[in-house]
Amino acid sequence: MRNKLPLTVFLVAAAIGLSLTLSAYWAGRQANHLRFERLADDAIDRIELKLAQHVSLLIATRSLFDALEGEVSHKQFRNFIGNLDISQNYAGVQGIGYADILDDEEAGNVGAVLEENYGVDRDVFPESGQAVRTAIIMLEPPDVRNQRALGYDMFSEETRRTAMVAAAQSGEAHVTAKVELLQEFDDKKQAGFLIYLPYFGPELVREPAIAGARPDLRGFVFAPFRASDFIIAALEHTPAARLSLSVYIGEPVVENQVFAGGASSEELRGEYMVERMVQMAGRDWFFRVVPSEIFKEGPETGVALLLGAVSLLMAAALAASLRSQSRAIAAYREVSRISQEASAQKDFLLQEMKHRIKNSIARVLAIARQTAASSEDLGEFTDSFTKRLQAMAASQDLLTRSHGETAQLSSLLEGELFQVFGEEFDDYTCEGPDVRLGIKATQALGLVFHELATNALKYAGMAQSGNRLDIHWQMTADGMLELTWREQAENGADGSEEAASTGFGTKLMKSLVEGELGGNLESQFDGSGLLATIKIPQAALA
């Protein structure tokens with residue numbers, strides 16, 4: 001449980017931090033959406049207000065006609081519009097004009113009026129099959145663009161005619177759908193629209209010019225607009241100009257236009273979009289607003305992500321601190337445990353060493369007594385005793401090289417053979433599976449192999465050329481190590497079987513194999529040498 005505490009603390013702290021981060025993130029997203037919607041609504045409101053200003057301008061112009069009972073001269077009209085200074089105060093409109101409803105006689109006089117007022121030699125155009133003709137007889141300011149429209153019969157074109165009929169029947173301002181203004185003549189054309197406001201003069205004794213309209217309809221005060229210029233005037237120098245705007249008056253008059261420069265942001269288009277339908281000047285206007293490349297989201301989402309990163313770092317730091325403390329505690333406990341184990345191991349090793357030293361001393365004493373009893377003089381005793389001690393030392397050395405745990409049977413055998421016969425000795429075979437010997441078995445069998453090798457050298461002359469020694473071992477099905485020692489001397493064994501079988505070496509081997517290891521040693525002689533069979537229980541090998 002203690003090992004899981006840092007992970008649990010990290011998960012809990014991270015979950016709390018991430019939940020706060022998500023809350024802040026979604027709040028930030030919501031704030032960005034609300035900010036964008038406010039900008040979009042502000043853009044639409046500004047356009048609506050701008051259009052209302054221009055409608056008011058048309059109403060003021062119609063009031064001029066009402067005040068003068070329709071008898072407005074070109075000079076009066078020019079002065080009135082000039083004093084309004086529409087290019088400065090009403091930016092976005094192309095001009096203000098008046099289109100008169102004409103009978104055939106009046107239509108024939110339009111050319112003379114335009115010549116007198118504007119110096120334009122032009123009659124009413126184009127030819128029209130409509131029962132009503134409306135010619136533009138005044139349009140201010142008289143710039144190059146507006147002069148192109150003087151004399152134009154707007155009732156001859158369907159889109160304009162539809163708006164004029166609607167305005168005449170309702171008596172209020174009415175906007176057209178998308179049109180191409182006559183003022184567009186260069187390669188920078190824009191979509192346009194017009195607003196018509198009917199003028200009703202002194203009642204005439206005639207049928208209404210337009211069905212459903214009042215009979216005193218005299219003409220139309222109107223204003224043409226280039227759509228992009230109009231929206232630029234409405235949004236200029238405002239944050240709303242950074243948005244991408246599409247405006248539809250039936251058809252699109254502006255599409256994906258950014259009025260502060262730049263282009264629509266494809267990346268944010270799907271996430272931020274405001275669509276509104278607004279009725280202005282008798283027609284539904286549809287607005288679609290999306291972000292532009294220069295639209296910038298607020299810092300809320302970035303702050304939320306930073307908060308999340310900080311929360312994760314704090315959770316990780318807290319977990320790391322707890323883990324470090326846990327490791328320190330665990331390390332202290334491990335050091336304490338190792339110290340206790342080391343102390344116990346030291347005591348055990350001391351006892352084991354005392355026991356082994358006692359056993360080794362006892363074995364050395366026994367070997368010394370028996371060697372002395374079987375030796376004829378001091379020189380023979382010294383030689384035999386030294387070699388047996390060397391065999392014991394070789395076994396101990398083999399255990400030391402294997403870190404005091406186990407020794408390989410094959411290594412123990414070859415070591416004793418090389419010690420007795422010399423390292424150049426190669427007339428032997430040593431075959432069997434990998435068998436590991438414990439300390440007791442290594443020391444005991446080391447002496448046994450030493451005695452067998454010494455006897456083979458002494459009685460069978462194994463070091464002579466032509467003689468051979470074959471040693472094989474296996475693990476039997478009943479869990480015994482079975483080792484066969486076979487000597488083959490060409491000239492037969494030198495010495496009697498009785499001498500070899502009654503010596504101290506034979507007694508020592510039996511004592512070690514049968515007494516210490518609980519095994520069995522059988523030996524017999526034939527004409528070529530000794531055949532010895534050693535069987536030891538597997539449990540005694542460890």
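Colleague: Which residues of H5 are buried?

Modeller: In this predicted model, the buried residues of H5 are Val110, Gly111, Leu114 and Tyr118. Looking down the axis of H5, one finds these buried residues within an arc of 100 degrees, so they line one face of the helix.

Colleague: And which exposed residues sit on the face of H5 turned away from its buried side?

Modeller: That face carries Ala112 and Glu116, both of them exposed.

Colleague: Changing topic to pockets, what volume does the second largest pocket have?

Modeller: The second largest pocket has a volume of about 440 Å³, and of the 20 residues that line it, Gly70, Tyr98, Asp100, Ile137 and Arg218 are the closest to its centre. Strand S1 (96-102), helix H5 (110-118) and strand S2 (133-140) are the elements that give two or more residues to this lining.

Colleague: Which of them gives the most to that lining?

Modeller: S1 does, with four residues. Taken by class, the lining of this pocket has 10 nonpolar, five polar and five charged residues.

Colleague: What about enclosed space, how many cavities of 30 Å³ or more are there?

Modeller: The count comes to two cavities of 30 Å³ or more, and the second largest cavity has a volume of about 60 Å³. Its lining includes Ile136, Tyr152, Arg160, Gln183 and Phe222, and by class that lining has nine nonpolar, one polar and one charged residues.

Colleague: How many residues does the largest nonpolar core have?

Modeller: The largest nonpolar core has 88 residues, and those with the most contacts inside it are Ile96, Phe193 and Leu235. Helix H1 (residues 5-67) supplies the largest share of this core, 12 residues. Apart from it lies another core, of 42 residues, among them Leu417, Val435, Leu452 and Leu541.

Colleague: Now the backbone: which peptide bonds are cis?

Modeller: One is the bond from Phe125 to Pro126, with omega near -5 degrees, and Pro126 lies in the loop between H5 and S2. Another cis peptide bond joins Glu140 and Pro141, where omega is about -5 degrees, and Pro141 is found in the loop between S2 and helix H6 (144-147). As background, most peptide bonds are trans.

Colleague: Where is His237, and what is its phi?

Modeller: His237 is placed in the loop between helix H8 (227-235) and strand S6 (244-249), and its phi is near 65 degrees, a positive value in a residue other than glycine. Ala281 also has a positive phi, of about 50 degrees, although it is not a glycine, and its place is in the loop between strand S8 (274-280) and strand S9 (283-290).

Colleague: Are those two buried or exposed?

Modeller: His237 has a relative accessible area of 77%, over the 50% cut-off, so His237 is exposed. Ala281 has 18% relative accessibility, under the 20% cut-off, and therefore counts as buried.

Colleague: What separates the C-alpha atoms of Gln325 and Pro6?

Modeller: They are separated by 9.7 Å, while the two residues are 319 residues apart along the chain. Gln325 is found in helix H10 (residues 300-374) and, at 48% relative accessibility, counts as partly exposed.

Colleague: Last one, which element has the lowest mean pLDDT?

Modeller: Among the elements of the chain, helix H14 (residues 497-501) has the lowest, at 52, and strand S3 (residues 174-175) the highest, at 98. For the chain, the mean pLDDT is 83, and 83% of its residues reach 70 or more. Where pLDDT is low, the predicted coordinates should not be read in detail.

Key: Residues numbered from 1 in each chain as written. Predicted model: local features only at pLDDT ≥ 70, side-chain atom pairs only at ≥ 80, totals over all residues. Heavy atoms only, no water. 1 Å grid on protein atoms, 1.4 Å probe; cavity = no way out; pocket = protein on both sides within 12 Å on 5 of 7 lines; lining within 4 Å. Points joined across faces, edges and corners; volume = space filled by probe spheres on them. Nonpolar A, V, L, I, M, F, W, Y, C, P; charged D, E, K, R; others polar. pLDDT = per-residue confidence, 0-100. Core = buried A, V, L, I, M, F, W, Y, C linked by side-chain atoms within 4.5 Å. Buried < 20%, exposed > 50% of the residue type's maximum accessible area, 1.4 Å probe, protein only. Arc of directions from axis to C-beta.
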